[in-house]
Amino acid sequence: VHRPGGAQGLRNGDFDTIETMQGTDLRENLRHRQGWHGLLNAGHLRAGTADSDTHSLAVEPMGFPRNVVLGMRREQYVPQTFNALVREGSMVGTTGAFIEARLAPDGDFTATTFGPSVRPPRATRAGARLRVSVRAAPWVLVEEVRIFVNGRLARAITEGISSPADPLGEAGLERYAGEFSLADLGVTTADAWIIVEA
């Protein structure tokens with residue numbers, strides 16, 4: 001355990017991630033999110049995590065929410081690489097839906113794109129676009145997709161979200177797909193951060 005000060009000279013802000021979803025209490029999670037957004041707006045880029053904090057089976061469901069760490073398969077697991085991916089924010093927090101959000105700095109999704117990360121792309125041009133897809137098991141309810149820019153709701157999407165006919169079937173996993181220009185989302189400055197929720 002590392003504490004502020006000491007031989008390492010650590011400060012209270014010397015942490016890599018912040019818990020932004022924990023358990024099922026929506027109000028508590030909104031408070032966590034508000035604190036995270038405040039840090040991001042102040043320029044403290046920290047990855048947000050979604051954690052199952054099960055202290056009592058009678059109160060909190062086990063394994064809800066979860067993190068999906070991107071960029072490494074389970075059979076390729078190396079602790080140092082995994083930790084680096086978590087620190088840089090290469091992950092998606094989920095309560096059931098899986099969101100894929102990719103940024104194309106010049107609007108071309110066949111070229112280099114960027115996914116979740118606290119490391120910003122080097123150059124974003126006027127034609128930059130964001131592509132969002134949401135997948136979920138048929139029994140998971142998806143009613144809205146929200147895009148936040150610098151902590152403000154830029155887009156709330158309720159149209160075009162599908163719902164499988166058979167909640168216990170195997171079809172209809174892709175619930176939503178959309179693409180947006182950053183200009184249409186209100187990104188007018190060189191520095192901005194984007195979070196997508198479903």
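Here is a friendly conversation about a predicted model.

Biologist: Let's start with the helix H1; how many residues does H1 have?

Modeller: Helix H1 covers residues 26–41. From first C-alpha to last it reaches 22 Å, close to the 22 Å expected at 1.5 Å a residue. The number of residues in H1 is 16.

Biologist: Which residues of H1 are buried?

Modeller: Buried here means under 20% relative accessible area. The buried residues cover an arc of only 100° around the axis, so they sit on the same side of H1. Those residues are Asn29, Trp36, His37 and Leu40.

Biologist: And which exposed residues does the face of H1 turned away from its buried side carry?

Modeller: Exposed means over 50% relative accessible area. On the face turned away from the buried side of H1, the exposed residues are Arg27 and Gln34.

Biologist: What covers the buried residues of H1?

Modeller: H1 lies across E7 and E10, and runs at about 160° to E10. The cover over its buried residues includes E7 and E10, along with strand E1 (17–22) and strand E2 (47–51).

Biologist: Which strands stand at the edges of the open sheet of three strands?

Modeller: The order in this sheet is E8-E7-E10, with antiparallel pairing. A strand at the edge has a single partner strand, so one side of it is left without a neighbour in the sheet. The edge strands are E8 (152–157) and E10.

Biologist: In E10, what is the bridge partner of Arg146?

Modeller: E7 and E10 run antiparallel and are joined by four bridges. For Arg146, the bridge partner in E10 is Glu197.

Biologist: Now to the core: how many residues does the largest nonpolar core have?

Modeller: Strands E5 (97–104), E6 (129–136), E7 (145–149) and E9 (174–181) each supply at least two residues of this core. Those with the most contacts inside it are Leu130, Val132, Val134, Val145, Tyr176 and Val196. The core's number of residues is 22.

Biologist: Is Ser133 buried or exposed?

Modeller: Ser133 is found in strand E6. Leaving aside neighbours within four places in sequence, Ser133 is in contact with Phe98, Ile99, Glu100, Glu174, Tyr176 and Ala177. Its relative accessible area is 12%, and the cut-off for buried is under 20%. Because of that value, Ser133 counts as buried.

Definitions and conventions:
Residues numbered from 1 in each chain as written. Predicted model: local features only at pLDDT ≥ 70, side-chain atom pairs only at ≥ 80, totals over all residues. Heavy atoms only, no water. Core = buried A, V, L, I, M, F, W, Y, C linked by side-chain atoms within 4.5 Å. Buried < 20%, exposed > 50% of the residue type's maximum accessible area, 1.4 Å probe, protein only. Expected span 1.5 Å × (residues − 1). Arc of directions from axis to C-beta. Contact = heavy atoms within 4.5 Å. Pairing = 2+ DSSP bridges. Axes fitted to C-alpha atoms, helices over the stretch in contact; angles between N-to-C directions.
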